[in-house]
Amino acid sequence: MPNPDLLKHSKQFEKKIIQLHDGIWSAVGFAASNVHMIEGDDSLTIVDTTESTKAAENILKEFRKISQKPIGRIIYTHSHRDHISGASIFAEKPKISIIASETFKSDLIDLDTSAISPNKSLERRTLAQFGIGLESSDRVSLGCGPGDRPMEGLGAGYLKPNKWISSNSEIDLDGITAKLILAPGETEDHLVIWLPNTKILFSGDNWYHAFPNLYAIRGTPYRDFQIWADSLATLANLKPNIMAPGHTMPVFGQEKIHDVLKSTREAILYVIKYTSDGMNHGKSIDDICASINLPKNLKTKPWLGEYYGKLTWAARA
């Protein structure tokens, strides 16, 4: 019998197209990650492209019920495979602009096969982390997305970026002003999209409705917790009215968004301090992990449930 809390959490990625504002939509629950569409005067902008070509096809089919305008550009928020692997489906015309941070580099693609590295082990651990190979009835969710989702063309539709962002920039999305902000967090190459006129923020994976995956259990390069916390402060200072994350449901309301960003930042800083204080007092990492818990004011926040990231993984990192 699945955990009732896990079933309740799964409502965060029920399959639906959600209108954020006039001309702006998010596709949630079609895949592990979300895809967003911004309608300009004569063209569309796609933010992230999901994990597989089949999921991208399903999303594009739904988007085409809303608008028949050509897709003018794709923006990658970061380089994790579940955000970049459906690009070929959305790139309906040749030489489409694909925009990413100048530091775009994935730990899952473009690996140097000549380097000494446990790549095979990483592949096995990735399959285990996301329950790939299990029956859908045994995989309630991924913690950040639905377990039951199309897997055809997994990783197959990636297209390399051709426009690089090296500093915070303003860009015209065919009549819509957008600011591209470098905000390293879950990855060093994170790029968030801010629409100042509508106060909508596309936050990538710097926030989602679960305790942040400060360290992925599959084994990944170190993620800098302090920089992630700093980026959350940057996002909160924008004072968005709507936040569309890379996973889970959009968040509406300036006060609510401030709360989720502020409390998530506090949780990250708490892990850093609790772990470093324990180490400074001579505690072993096992003892630290056995005793670490969020303080009461954070423990009750539903978006800090350990459905994706976990305190003990973060402490060990």
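These legends go with a set of close-up views of a predicted model.

**View 1. Strand β6 sits between two parallel partners, β5 and β7**. On one side, β5 (residues 71-75) runs parallel to β6 and is tied to it by three bridges. Look for I75 here, which stands opposite I99 of β6. The other partner is β7 (residues 163-165), again parallel and again with three bridges. In that pairing A100 faces W164 of β7. As for cover, β6 spans residues 97-101, and four of its five residues are buried.

**View 2. The loop between β4 and α2 holds D48, a residue with positive phi**. This loop links β4 (44-47) to α2 (53-63). Most residues other than glycine have a negative phi. D48 goes the other way, with phi near 65°. Is D48 buried or exposed? D48 counts as buried because its relative accessible area is 0%, and the cut-off for that label is under 20%.

**View 3. T50 is found in the loop between β4 and α2 and has a positive phi too**. Its phi comes out at about 70°, and T50 is not a glycine. With a relative accessible area of 0%, T50 is buried. If you're browsing the loop between β4 and α2, then, both D48 and T50 are worth a stop.

**View 4. Four acidic residues make a negative patch on the surface**. The members are D41, D42, E170 and D172. D41 comes from the loop between β3 (35-39) and β4. Why is D41 called exposed? Its relative accessible area is 52%, and exposed means over 50%, so D41 makes the cut. D172 has a second role, as it is the bridge partner of T177 in β9.

**View 5. Six strands line up as an open, mixed sheet**. Reading across, the order is β8-β9-β10-β11-β12-β13. Which strands sit at the edges? They are β8 (169-172) and β13 (251-252), each pairing on one side only. Further in, β11 (residues 200-204) and β12 (residues 242-245) run parallel, with four bridges between them. To find that pairing, start from I200, whose bridge partner in β12 is I242.

**View 6. Strand β9 has antiparallel partners in β8 and β10**. β9 covers residues 177-182 and pairs with β8 over four bridges. Within that pairing, D172 is matched with T177 of β9. The β8 and β9 hairpin has four residues between its strands, and D174 takes a positive phi near 55° there. Four bridges also join β9 to β10 (residues 191-195). Here K179 is the residue to pick out, standing opposite W194 of β10.

**View 7. G157 is a buried glycine in the loop between α5 and β7**. The loop runs from α5 (119-129) to β7, the strand that pairs with β6 in View 1. G157 is labelled buried because its relative accessibility is 0%. For a sense of scale, pick R265 as well: G157 and R265 are 108 residues apart along the chain, and their C-alpha atoms are separated by 34 Å.

Methods
Residues are numbered from 1 along each chain as its sequence is written. This is a predicted model: local features need pLDDT of at least 70, side-chain atom pairs count only at pLDDT 80 or more; totals for chains, interfaces and linings use all residues. Side-chain values use heavy atoms; hydrogens and water are left out. Buried means under 20% relative accessible area, exposed over 50%, partly exposed in between (1.4 Å probe, protein chains only). Two strands pair if DSSP finds at least two bridges between them. Patches are made of residues with over 30% relative accessible area and no salt bridge: like charges are joined within 9 Å, nonpolar side chains (Val, Leu, Ile, Met, Phe, Trp, Tyr) within 5 Å. Accessible areas come from the Shrake-Rupley method with a 1.4 Å probe; for residues, only the protein chains shown count as cover. A salt bridge is a side-chain nitrogen of Lys or Arg within 4 Å of a carboxyl oxygen of Asp or Glu. Lys and Arg count as positive and Asp and Glu as negative; His and the chain ends are not counted. The place of a charge is taken as NZ of Lys, CZ of Arg, CG of Asp or CD of Glu.
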